[in-house]
Amino acid sequence: MSVRHRVSLFALVVLLPLAQAAFAQTPTIDYVVSAPHPEQRWLQVDVRFPARAGTPLDVRMARSSPGRYATHEFGKNVYLFEARGAGEAVLPLEQVAPAHWRVTPTDGVVRVRYRLFADHIDGTYSAVDGTHAHLNAPATFVWAPALPEIPITVRFVQPPGRNWRVSTQLFPTDDPLAFTAPNLQYLMDSPVEFSAHAVREFTVAYPGGGTPARIRLAVHHLGTEAQLDAYAATVETIVREQAAIFGTLPTFDGGTYTFLMDYLPWADGDGMEHRNSTVCTAAASLADGMARVAGTASHEFFHAWNVERIRPASLEPFDFSQANMSGELWLAEGFTSYYGSLAMIRAGIVAQDRGVAQLAMFAGSVMRAPGAQFRSAVDMSRLAPYVDAAQAVDPTNWENTYVSYYTYGAAIGLGLDLTLRERSGGTVTLDDYMRTLWKTHGVPGGKAPGYVSRPYTLKDAEAALATVSGDAAFAADFFRRHVLGTEPLPFRRLFAAAGYTLRERETPPTLGMLGLTAQQGRIVVTNNTVATSAVYKAGVGRGDTILTLNGTAVTQAGDWERILSTLTPGTEVELVFESRGEKKTARVTVKSNDRVEAVPMPERTPQQEALRAGWLASRAK
């Protein structure tokens, strides 16, 4: 589009003649996205909404985004917002709320134009620069709540001097820069990579026949073609391993699933699931971070089943105007974290013993977390609007009152998997549970794109466990104690059944996790101390100043660790600190850090070997 600031909104007549001709017959919402000066990090978005003369049309910017559970106030980066009708006349425009405008049309159309500053590469926000436009739909597009089912077209305009391509789960047209969505929900669930990115593809056939699915990797990175080839092969092993868990792939709308990947030094690390695609970003290269970025891809692809189609009723439909709370994130996100890691082991990307050690970290984090005694997995899930990349000025005490539903849920998935295997002799597993959820709640019902067959509730999740285990009393007891309650799972026994010893890991001497920073010649505590630590029991808290430890002054960065390294676990020493202007002295006992680790038993019984193999071995044919 032209660079002139006062370009008429009727430029859309040139950009979208076919869409406008169709509009006369079938109403559509038409977007045009351009970046006249991409290096200045702003986009221009033009939108045409169908309207009724004299009937106000509300237009909004989203406050939340699919896969995120907090509010993000995307409207803060919108400016030069204007609205016109079928002519040049400016339409009456009222700003109802910070990201909510009300337009009064004078004819059958409302044309909106605005600029959007976009400079954050991850799965939630949008970014544009001289190398690409990376677009998350809720962070990019205004929308009309009164028009949720109107078909949508989106056209992208090449920035000056560029020859970029578009990768997205939006439906293609004959024009490589024009795409469609059947409705608002599908548009908002459809991220876009618009750049000179590389593409790799492979197909995976459905077991038992059917149309093969095309899996695409659209990768914006700074590595070599050989590195990308190797990475695509790695992702393919993950896809096939996960398909083997369910015995099939989802029926992707359009027959294609797309990984939108930005591995760039200026990107933020993130992964975000969508119905037929995912965004994976990292400040890493394929040369030095392949295993790490593959782990994110594994987690996100499992979401194609779990949360995108096996979907909590509390998230259906997704509300873009507010935070979306769900008590099922321990299953939707936590089980996905467990299977994302397990698939890496089964695919041979991570060695089995190393992978089990990583899985044990889920268990150890919950076993040692003070917050696990205060809130259940369901409670932790419902805190997502406060913690899912949400921001606040006032301090929280999450170190002592919260455990991530990713971690908590992964630990429950791990514990339930091993429990089912132990009690059945390996004939019933968490794989069976996920397949049951898939058949009951996830398999498409043959309706329009974006349709969810039967969203589940907590009662449904319990009923599925009763079906799989054949024991309704066991399922009810498990949910009462470990999902709705705070009772920890017997992880030591469960790991032992698979031939692993779960034990405390010896580490350098410690008094507890303590973040310290130098501020105006003082060494200040920067974090809330953890309730199980010696420093917490001594009364040390965030903002306090450490003065001496064992009679030695703590005056610069590194002094604390250096003094601790000279002490023997079990030794009682003196700690002097200042808290809110008061000098305090306490006696503290040095410990060896009791983080949990899983180590293979030197000898395993045949039963342990069988359970371990059934748990960790590849399922892919």
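Val78 has Leu116 as its bridge partner in strand E7, and this pair belongs to the contact between E4 and E7 (residues 109-117), which pair in the antiparallel sense over five bridges. Two strands are said to pair here if DSSP finds at least two bridges between them, while the strands themselves are DSSP runs of E with at least two residues, numbered, like the helices (H or I, at least four residues), from the N terminus. The model is a predicted one, in which local features need pLDDT of at least 70, side-chain atom pairs count only at pLDDT 80 or more, and totals for chains, interfaces and linings use all residues. Residues are numbered from 1 along each chain as its sequence is written, and side-chain values use heavy atoms, with hydrogens and water left out.

Followed outward, the pairing of E4 with E7 leads into an open sheet of seven strands with mixed pairing, in the order E4-E7-E2-E1-E10-E13-E12. Its edge strands are E4 (78-84) and E12 (171-172), each of which pairs on one side only.

Further along the chain, strand E19 (residues 277-282) pairs with two other strands. Strand E17 (residues 256-263) runs parallel to E19 and is joined to it by six bridges, with Asp262 finding its partner in Thr281. Strand E18 (residues 270-273), by contrast, runs antiparallel to E19 through four bridges, Met272 being matched with Val279, and a hairpin of three residues connects E18 to E19.

E19 is also mostly covered, since six of its six residues are buried, that is, under 20% relative accessible area with a 1.4 Å probe and protein chains only (exposed is over 50%, partly exposed in between). Both of its faces are covered, with Ser277, Val279 and Thr281 buried on one side and Thr278, Cys280 and Ala282 buried on the other.
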